Amino acid sequence: MSASPDADVSTIKISEQASNAMEELSSMAFAQEPLWQVDMASNTEMLSDVEYMRVVKVRECPSPPSLDVGNSHELEPVLAVSSESSRAVEYFEMRPISIIELLMDLELWSRAFSNIVSKATLVGVLASTGVERHYDGTLQLMTAEFHAPSPLVPTRESSFARYCKKLGSDLWGVVDVSPETLPQFPSRNFRRRPSGCLIEEMPNGCSKVIWVEHVVVDNRPVHHFFQPLVTSGFAFCAKRWVNTLIQHFQWSATVRAPNSPTDRGVIIPQPQRTFFLKFSERMVKSFFMDISASRENKWMPFPVSGADIMISTKSSTDDHGKILGTTTVFATSIHLPAPSKQVFSLLRDVKFRRQWDIYGRNHRFDEHAYISNGDNPENGVSILRAINDETKKIKALYMQESYTASTGSYIVYAPFDYKHAENKLMKDEWPDHIPILPSGFSILPDRPIHRDETGGSLLTIAFHVVAKSPTDEREPSNQLGFLMHNIIAKTLMSIKEALGFSI
């Protein structure tokens, strides 16, 4: 922020709002009924808007924060916006400073939450201790774009202040709040009310995290497939953030561990395991960026009636981990009348891969090596081999990462040159510059998860391929387009058949 009287006024206003937001977050984090209402079927909590307006200090803001419409300064009609709120509690085997450092470092935060955060920018630091790993009183101004794993769900863009404060001898708070009445920091149809987490230090070096998400948003542009999940608040709920935080720290523990919990068939020494895990981390981050509705992805509908396939073309002229030239992402989302757990298990099981993988119809697949990540044996990184049925020779190697939790699952894979990776490792190089073309699946429940895990699934499938003869930077060739249209259609048909559904 520039040094000027206006900037000083803005800083004071943001500081006051951040301080008030921390008080509100603290009140909401520890409150019980009637402020928080429990849905017994899904075992989730939702904020009572009526009680919130009565109990919390809303006299300073008697109406919901307004939202910009496009580039105008007109106020969004009250009926067009809705409030989403949720709360989640989890325990971590680490001290609060590790969690605080992750949240207050923009690069660490955006990388750890790459399945939610498309991009983030640090606008300015308004207050800081200036001492490394000391964040009490630190106030940052940020912008971020949040996404769900499908091009059919618009991203949520907002400017917000992030404030960290030590609230007691064993209690910390990190809160986000979108600045109000400051036209230089507009939010596009999305605003963060006080959201964030309280982190309490527990005995034996553990931490208790209470995470609260509370936003105001316009969900009208969301595709009808995803309307129930998004408007319920589940798609961007606190539990999704907490599950991602759990996954990140489990990944970090696996990287540091001298021995992998379950290496199947092949013993992978720690340096190689770290190399593969970092490569897989890049692969998954790239996949989520590829399939999001981020502004950087110029999505276009495939020009075939009823195809429901979206196309995004990318171009790269450098060698920093990207394929040189033009590549294209083909993606589609469908509803399946099967629980997300069933869909995930099918797509992850290497024995069933040839049933849906069009490229592997004349091959069998085996899991050459596996690195478990966390307590769930289904979460981990695999090196898969495609072996030709006739010649018995290895046709290709794939790096694959699979992950499942109550808020969503994914299976992401990419062709993998093992010898190239070994050469990088021998030279003590990290996999940051190995080109990746990730493809895969994102699986969401079609509604908030119920205890009986019934309901259907929202499956997003994406293939990222090289455009061999691009004639236009924005559109793939007709030949490639129709080829991928047929591959996606056949893949979806195979998945439905494998699940036992009539076509």
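**Exercise 1. Find the residue in E16 that stands opposite Arg 385, and describe how the two strands are joined.**

*Solution.* Keep in mind throughout that this is a predicted model.

- Step 1: Look across from Arg 385, and you meet Leu 397 in E16.
- Step 2: Count the bridges. E15 and E16 run antiparallel and are joined by eight of them.
- Step 3: Follow the chain through the turn. E15 and E16 make a hairpin with five residues between them.
- Step 4: Check the backbone there. Lys 392 lies in the loop between E15 and E16, and its phi is positive, about 65°, although Lys 392 is not a glycine.
- Step 5: Ask how much of the residue can be reached. Lys 392 has a relative accessible area of 60%, so it is exposed.

**Exercise 2. Move on to E16 and E17: what joins these strands, and which residue in E17 stands opposite Tyr 403?**

*Solution.*

- Step 1: Tyr 403 has Tyr 410 opposite it in E17.
- Step 2: Eight bridges hold E16 and E17 together, and the two strands run antiparallel.
- Step 3: The hairpin that connects E16 to E17 passes through two residues.
- Step 4: Continue to the neighbour. E17 is also joined to strand E18 (residues 439–445), by five bridges in an antiparallel arrangement.
- Step 5: One example from E17 and E18 is Val 412, whose bridge partner is Gly 440.

**Exercise 3. Put the strands of the sheet in order and say which are the edge strands.**

*Solution.*

- Step 1: Recall the general rule: strands of a sheet pair through backbone hydrogen bonds, either parallel or antiparallel.
- Step 2: Here nine strands make an open sheet, and the pairing is antiparallel.
- Step 3: Reading across gives E11-E12-E13-E19-E18-E17-E16-E15-E14.
- Step 4: The edges are strand E11 (300–301) and strand E14 (363–372), each of which pairs on one side only.
- Step 5: Now add the helices. H7 packs on the sheet, with contacts that include strand E12 (310–316), E17 and E18, and its direction makes about 75° with that of E16.
- Step 6: Helix H8 (residues 340–348) packs on the sheet too, touching E13, E14, E16, E17, E18 and E19, and its direction makes about 160° with that of E18.

**Exercise 4. Work out how H6 and H7 are oriented where they pack.**

*Solution.*

- Step 1: Two packed helices are described by the angle between their axes and the distance between the axes.
- Step 2: For helix H6 (residues 238–256) and H7, the angle is about 150° and the axes are 8 Å apart.
- Step 3: Angles over 145 degrees count as roughly antiparallel, so H6 is roughly antiparallel to H7.
- Step 4: Find the residues at the meeting place. From H6 come Trp 251, Thr 254, Val 255 and Arg 256, while H7 brings Gln 270, Arg 273, Thr 274, Leu 277, Lys 278 and Glu 281.

**Exercise 5. Classify the aromatic pair of Phe 276 and Phe 416, then look at other aromatic rings.**

*Solution.*

- Step 1: The whole structure contains 20 aromatic pairs.
- Step 2: In this pair, the ring centres are 5.7 Å apart and the planes are at 80°.
- Step 3: Planes over 60 degrees apart count as edge-to-face, and that is how Phe 276 and Phe 416 are classed.
- Step 4: Locate the partners. Phe 276 is in helix H7 (residues 270–291), while Phe 416 is in the loop between strand E17 (408–415) and helix H10 (418–426); they are 140 residues apart, so the pair links distant parts of the chain.
- Step 5: Both Phe 276 and Phe 416 are buried.
- Step 6: Elsewhere, one aromatic cluster is made of Trp 109, Phe 113, Phe 146, Phe 160, Phe 190, Trp 211 and Trp 241.
- Step 7: Look for charges over rings. The charged end of Arg 192 sits over the ring of Phe 160, 5.7 Å from its centre, and that of Arg 353 sits over the ring of Tyr 398, 5.3 Å from its centre.

**Exercise 6. Decide whether Ser 316 is buried or exposed, and list its contacts.**

*Solution.*

- Step 1: Ser 316 belongs to strand E12.
- Step 2: Its relative accessibility is 9%, so Ser 316 counts as buried.
- Step 3: Leaving out residues up to four places away in sequence, Ser 316 touches Lys 322, Ile 323, Leu 324 and Gly 325.

Key. Residues numbered from 1 in each chain as written. Predicted model: local features only at pLDDT ≥ 70, side-chain atom pairs only at ≥ 80, totals over all residues. Heavy atoms only, no water. Phe/Tyr/Trp six-rings, centres within 6.5 Å; stacked < 30°, edge-to-face > 60°. Helix = DSSP H or I, 4+ residues; strand = E, 2+ residues; numbered from the N terminus. Buried < 20%, exposed > 50% of the residue type's maximum accessible area, 1.4 Å probe, protein only. Lys NZ or Arg CZ within 6 Å of the ring centre and 35° of its normal. Pairing = 2+ DSSP bridges. Contact = heavy atoms within 4.5 Å. Axes fitted to C-alpha atoms, helices over the stretch in contact; angles between N-to-C directions. Parallel < 35°, antiparallel > 145°, perpendicular 65-115°, else oblique.
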